[in-house]
Amino acid sequence: MLAIVIPYYKISFFDETLQSLANQTNKNFKVYIGDDASPNNPVELLNVYKSSFNFTYKKFDQNLGANSLTQQWQRCIDLLGNEEWIMLLGDDDKLEKNVVDEFYKNINEVDVNQINIIRFASVLVNSSTLKESSVFLHKKKEKILDFYSKKLLDITRSSLSEYVFRKKVYKKYNFKNYPLAWHSDDMAWFEFSEGKDIFSINEAKVFVRIFQESISGNPLNFFYKDTASIEFYNNLLLRKDVLKNQIVREVLLTRLEVLYKKRKIIVMKKWFYFFITRVQYLDLLNSVKLIRRMIIYYFNK
């Protein structure tokens, strides 16, 4: 069975989220709502939907998400019963009415292939619920590195709400606790997939909201996003499968270099790491380009 977990804090678009669950053509799911000590009490709104779908609501005393979103996700997931599959749905995102139905239509193929991660098509929307993007579609079966190379090159995108994952792999790896949970989902897909494909369902969409109050839309979060990116990129570069992929390796090394320069924390030890990592994979052209950038950097200091 499918569990839809909502780490709740903002009420601004929560009605639309709940309405999208009430509109599901297949009601074979249970919703778990974990209230992160929000000042916006949702109980009156939840009462409107109490006969529309099965849900459990838990109000936590501590605002854990202010310091660690991943820990808030974890305690919400801890509310689950015996459901095998988990969707973490944002309290301002919403589902097309056939998302759950398409999940069950494809679950046999997913099980036969022992796949751990399912992904839906997605659309970005703004605070007025007007479409901001075209529909993002994906290959039906795709390796995580193939997908992530496209994401790094801005060919595609992804966010937490459009994924469904097996509870057993979540328990094995959990979410990495990066600042603002930025890239925590990206690292999860590397680990949760366990080398198997991501299975995409393009026949149903998740609507992901980007606006000023969201983490993605708030410019005040840039410092913490950069901190998370540095940690995430370094973690990825510890993986042999990532290092062997020339596109992903080069983009990660280049982005790290840019972030270190931005933070003014780039030192000779880091330049040497960037150089030796390229050389060991015989990437001589980019090694030479790196030396040139290093000379220019110190010359202009």
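In the predicted model, F175 is in contact with a broad set of residues once its neighbours within four places in sequence are left aside, namely T70, W73, I77, L88, L160, F165, Y170, S184, D185, A188 and F192. F175 also belongs to the largest nonpolar core, which has 50 residues, and it is listed there, together with W189 and F192, among the residues with the most contacts inside that core. The greatest contribution to this core comes from helix α10, which gives seven residues. Apart from this core lies another one, of 35 residues, whose members include M87, F120, I201 and V208. In soluble globular proteins, nonpolar side chains tend to be buried together.

Helix α10, which spans residues 246–263, also packs with helix α12, which spans residues 284–300. Two packed helices are described by the angle between their axes and the distance between the axes. For α10 and α12 the angle is about 5° and the axes are 13 Å apart. Because angles under 35 degrees count as roughly parallel, α10 is roughly parallel to α12. On the side of α10 the contact is made by Q246, E250, E257 and K261, and on the side of α12 by N286, L290, R293 and Y297. Sorted by character, the residues of this contact comprise two nonpolar, two polar and four charged ones.

Charged side chains were examined next. Side chains of opposite charge can pair when their charged atoms come close. The structure holds 26 salt bridges, and three of them are described here in turn.

One of these salt bridges joins the side chains of D92 and K10, with a distance of 3.7 Å from N to O. This pair links distant parts of the chain, since D92 lies in the loop between β4 (85–88) and β5 (94–95), whereas K10 lies in the loop between β1 (2–8) and α1 (14–22), and the two are 82 residues apart. The two partners are found in different settings: D92 is buried, with a relative accessible area of 8%, while K10, at 21% relative accessibility, counts as partly exposed. The value for D92 falls under the 20% cut-off for a buried residue, and the value for K10 does not, which is why the two are classed differently.

A second salt bridge is formed by the side chains of E109 and K140, which meet at 3.1 Å from N to O. Here too distant parts of the chain are linked, with E109 in helix α4 (residues 99–112) and K140 in the loop between β6 (117–125) and β7 (141–142), 31 residues apart. Both partners count as partly exposed, E109 at 27% relative accessibility and K140 at 43%.

A third salt bridge is found between E191 and K176, whose closest N and O atoms are 2.9 Å apart. The pair again links distant parts of the chain, E191 being placed in helix α7 (residues 184–193) and K176 in the loop between α6 (167–173) and α7, at a separation of 15 residues. E191 counts as buried at 15% relative accessibility, whereas K176 is partly exposed, with a relative accessible area of 31%. Returning to K10 and D92, these residues are joined with D91 into one network by salt bridges that share partners.

The loop between α6 and α7, in which K176 is placed, also holds A181 and H183. The backbone of A181 has a phi near 60°, a positive value in a residue other than glycine. H183 likewise has a positive phi, of about 75°, although it is not a glycine. Both residues count as buried, A181 at 8% relative accessibility and H183 at 10%.

Finally, K30 was considered, a residue of strand β2, which covers residues 29–35. Although lysine carries a charged side chain, K30 counts as buried, at 18% relative accessibility. When residues up to four places away in sequence are not counted, K30 touches M1, L2, A3, I4, N54, F55, T56 and E83. With respect to N300, by contrast, K30 is 270 residues apart in sequence and 59 Å apart in space, taken from C-alpha to C-alpha.

Technical notes
Residues numbered from 1 in each chain as written. Predicted model: local features only at pLDDT ≥ 70, side-chain atom pairs only at ≥ 80, totals over all residues. Heavy atoms only, no water. Salt bridge = Lys/Arg side-chain N within 4 Å of Asp/Glu carboxyl O. Helix = DSSP H or I, 4+ residues; strand = E, 2+ residues; numbered from the N terminus. Buried < 20%, exposed > 50% of the residue type's maximum accessible area, 1.4 Å probe, protein only. Axes fitted to C-alpha atoms, helices over the stretch in contact; angles between N-to-C directions. Parallel < 35°, antiparallel > 145°, perpendicular 65-115°, else oblique. Contact = heavy atoms within 4.5 Å. Core = buried A, V, L, I, M, F, W, Y, C linked by side-chain atoms within 4.5 Å.
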